[in-house]
Amino acid sequence: MNVLNLFYRTRESRRMLENSRARLYRVAYSWCHNAALADDVVQETLMKAYRSLSQLRDPKAGQAWLFSILTNCYNDHFRRNREAENVDDTVLVEETTPESQTSQLQIIDRVRKAVGALPEGQRQAITLVDLEGFSYIEVAQILGIPIGTVMSRLCRARNALREKLLEEFKKQPELREAVLRRVK
């Protein structure tokens, strides 16, 4: 009696596995959107389920058991195929060095000092246009001056900054090299 029951149970379980193949495939395909991969995952699921049929104690829970195997096979597939990066092959490239950062900070400090040394009207025009990105018309409205005045103040401020900064760079050629490296 027990052998017949086991035989009947095994036959029912096999039929359940065979009937579930289409459902498993639909679910696997909806997860990966790849027909070949879905077929492989379903095949692996069915093989594992068939091997583990003796572990299924409640035949009513067979579908949940089967889909949990599908989920595990699907996750295992991506775990196996996950790209691993070898740390030894990674080349670390740091573009900024402490020396270049120091040079940049020196340049920023000199530009700030040069802007600070400009007359107030030129300083306002150059900071609003070149640093804050306002248009000439907007700067004219902000400062309450004609647009031609904004343009002339800006032109004078840029020329004064150019002369002042070129003079600074001539005194310290290492700053000029730092700027050239940064442009590359």
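This is a short exchange about helices, burial and aromatic pairs in a predicted model.

Trainee: What should I know before we start?
Mentor: This is a predicted model, where local features need pLDDT of at least 70, side-chain atom pairs count only at pLDDT 80 or more, and totals for chains, interfaces and linings use all residues. Residues are numbered from 1 along each chain as its sequence is written, and side-chain values use heavy atoms, with hydrogens and water left out.

Trainee: How do you know that the span of helix α2 agrees with what is expected?
Mentor: Helices are DSSP runs of H or I, at least four residues, numbered from the N terminus. The expected span is 1.5 Å times one less than the number of residues. Helix α2 (residues 35-51) has 17 residues, so 24 Å should separate its ends. Its end C-alpha atoms are 24 Å apart, which agrees.

Trainee: What makes the buried residues of α2 line one face?
Mentor: Buried means under 20% relative accessible area, exposed over 50%, and partly exposed in between (1.4 Å probe, protein chains only). In α2, Leu37, Ala38, Val41, Val42, Thr45, Leu46 and Ala49 are buried. Seen down the axis of α2, they fall within an arc of 165°, so they line one face. The arc is taken from the directions from the helix axis to the C-beta atoms.

Trainee: How many aromatic pairs are there?
Mentor: Rings of Phe, Tyr and Trp (its six-membered ring) pair if their centres lie within 6.5 Å. Planes under 30 degrees apart count as stacked, over 60 as edge-to-face, the rest as tilted. The count by this rule is three.

Trainee: Why is the pair of Tyr25 and Tyr29 called stacked?
Mentor: Their centres are 6.1 Å apart, with 20° between the planes. That angle is under 30 degrees, so the pair is stacked. Both residues lie in helix α1 (residues 2-32), four residues apart, about one turn.

Trainee: Why does Tyr25 count as partly exposed?
Mentor: Its relative accessibility is 28%, between 20% and 50%, so Tyr25 is partly exposed. Tyr29, at 36%, is partly exposed too.

Trainee: What makes Tyr74 and Phe78 an edge-to-face pair?
Mentor: Their centres lie 4.9 Å apart, and the planes meet at 70°. That is over 60, so the pair is edge-to-face. Tyr74 and Phe78 are four residues apart in helix α3 (residues 62-80), about one helical turn. Trp31, Tyr74 and Phe78 form one aromatic cluster.

Trainee: Is Tyr74 buried or exposed, and how do you know?
Mentor: Tyr74 has a relative accessible area of 15%, under 20%, so Tyr74 is buried. Phe78, at 39%, counts as partly exposed.

Conventions. Helices (H or I, at least four residues) and strands (E, at least two) are DSSP runs, numbered from the N terminus.
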